[in-house]
Amino acid sequence: MKYLSLLSITLLFAACTSHTAGPDADEASINSLQLKLASNNLKYATPMKEYGIEGYYTGPFVADEMDPNKNGMYANKITISIDSLVNMQVYGHSIVAGNFRPFKGSYTHEQALWTFDVSEPGDNKYDGKFSFTLMDNTIWLEGTWVANDKNLAVSSRSYKLEKRDFAYDPELALPEDVTYDGVYGSYKEDNDESEVITSDALKFNASTQLLKKEDIENMYKADLEVLRNSIYARHGYSFKNRRMRYVFDNYVDWYMPVSVDITADLTELERKNIELIKRYEVHAEKYYDVFGR
Amino acid sequence: MLLLLIYLFFCILMLGIVLQYIPPGTDTAFLGIKQDYVELPWYLPAFYVHVFTAIFALPAGFTQFSRYIRKKYRRFHRTNGKIYVFAILLFGAPSGFIIGLYANGGWSSQIAFCLLAVLWFWFTLRAFVYARRKDFHRHRIFMYRSFALTLSAITLRAWKYVLIATLHPHPMDVYRVVAWLGWTLNLAIAEILIYKKIRK
């Protein structure tokens, strides 16, 4: 029971931080946040930025030990969130590969160096322990992670993450870099071909303009997928699906995973575009290279 | 014989395509990307009439061109021929014209499909009229043309399959190409056969 309430507090902080948009946030959204929190009348109502180190740290989460016989992912983009420091305990969470996991643990602060040792709850296959350090007045968080289960495809990782605020910005555009690589997992040995992402995927911003069927009907499936998933990426969605995760983790600098469920955050325009694009994706998947329909 | 087996194979594929529309829905298969039009009161009726009746034109390919059947089982040839003719004149071609008006790929493929429907209707009608007049020479000529267009149901899809497997074109580009390629080539082959076999 005690654990549950701790978890819910941690989750609450996660919710707070993911909606606190940092210095650029407009007055209205901060006011509405405080109103919302006040009306809930909760104990930890204000996001606590007491120590100045609380917040998001984002960057590559890179394998140290990888079992070559298992299908592991060498690097994923991770966000570690330090949510609060209370009674010499640190509470936070990490978001990586579509997995939102709370953690808690101990910390020390000596001669400007913060040292953290934290554990994930342990009831998820991929849980483990993080150890990281952070200097006062720097933006870099560095450390390692060791899985509880040593038989995982990747049993330890290291990371150097940059402190970064998250704010939804519909104007963010995909860089041309997304077209430089084949689609993850699409390589076929029998014909030595991979799916590619073409410049079609960059033609429209599906968060700012309402798409018509003529805009997208001639697009390849991978381009449609990137176009649709760029909407989720702007909202900080952490991708479970490796095809898209690979693209956004590796080639989109502005992308940072902060949430595993963004459905409530989508705008009406985005919802419409998602529905339209999805139709063409399904159609491409089922009928592009087959006889008939 | 081999040709008939290949034809049987494609007819079974076509039947499979038809069967996926049972029970009829507003969102099934091809209709998934036709959502702008399914709300028109005439689109879905035309679409389903086309799907479920045009297929009756295909069995003719097994029997009507056989000299043996024509000579030995005249009535069978006539009955089967009527099924073919009415399936096209009353249902397949008019419904094809209506859905052709809303074809994917813009005006180019819309013209291709509508023209296909008009010619299909015209050739079939002429062939039928000449049969009634016992002008079997012209009946044959127009049946070659009519059936060449009937076959476009198969050749259009086959071309699409081949072009995509080899060149990986954009989906709507290939559709615009096969909307024409699917039946014009058939018609050209029919004209060659007419010239070589019938007119001599």
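**Figure 1. Chain A from end to end.** Read along its sequence, chain A runs α-α-β-β-β-β-β-β-β-β-α-α-α-α. That gives six helices and eight strands, where helices (H or I, at least four residues) and strands (E, at least two) are DSSP runs, numbered from the N terminus. Keep in mind that this is a predicted model, in which local features need pLDDT of at least 70, side-chain atom pairs count only at pLDDT 80 or more, and totals for chains, interfaces and linings use all residues. Residues are numbered from 1 along each chain as its sequence is written, while chains are lettered from A and ligands numbered from 1 in the order in which they are written. Of the 293 residues in chain A, 34% count as buried. Buried means that 20 or more other C-beta atoms lie within 10 Å of a residue's own; exposed means 12 or fewer, and partly exposed is in between, with C-beta atoms placed from the backbone.

**Figure 2. Inside the largest nonpolar core.** A nonpolar core is a set of buried Ala, Val, Leu, Ile, Met, Phe, Trp, Tyr and Cys residues joined through C-beta atoms within 7 Å. The largest one has 54 residues, and A:Leu224 is among those with the most contacts inside it, along with A:Val178, A:Ile197, A:Val226, A:Leu227, A:Phe248 and A:Ile277. Helix α4 (residues 221-234) of chain A chips in the most, with seven residues. Zoom in on A:Leu224: leaving aside neighbours within four places in sequence, A:Leu224 is in contact with A:Ile216, A:Met219, A:Ile277, A:Tyr280, A:Glu281 and A:Ala284. Here, contact means that the C-beta atoms of two residues, placed from the backbone, lie within 7 Å. Apart from this core lies another, of 35 residues, including B:Trp120 and B:Ile141.

**Figure 3. Helix α6 of chain B.** This helix covers residues 107-132, and at 1.5 Å a residue its 26 residues should span 38 Å; the end C-alpha atoms are 37 Å apart, which agrees. The expected span is 1.5 Å times one less than the number of residues. Among the buried residues of α6(B) are B:Phe113, B:Leu116, B:Trp120, B:Phe123 and B:Ala127. The buried residues of this helix pack against α5 (74-100), α7 (136-150), α8 (152-167) and α9 (171-199) of chain B. Among the elements of chain B, α6(B) has the highest mean pLDDT (98), and helix α3 (residues 60-63) the lowest (91). pLDDT is the predictor's confidence in each residue, from 0 to 100.

**Figure 4. Loops with unusual backbone angles.** Just past α6(B) comes B:Lys134, in the loop between α6 and α7 of chain B. B:Lys134 has a positive phi of about 60° although it is not a glycine. With 7 C-beta neighbours inside 10 Å, B:Lys134 counts as exposed. Over in chain A, A:Gln111 sits in the loop between β4 (99-110) and β5 (113-119), and its phi is also positive, near 45°. A:Gln111 is exposed, with 6 other C-beta atoms within 10 Å. Back in chain B, the peptide bond from B:Ile22 to B:Pro23 is cis, with omega near -5°.

**Figure 5. Where the two chains touch.** The contact takes 18 residues from chain B and 14 residues from chain A. On the chain B side, α1 (2-19), α8 and α9 each give two or more residues. The largest share there, five residues, comes from α8(B). The model scores ipTM 0.90 and pTM 0.85.
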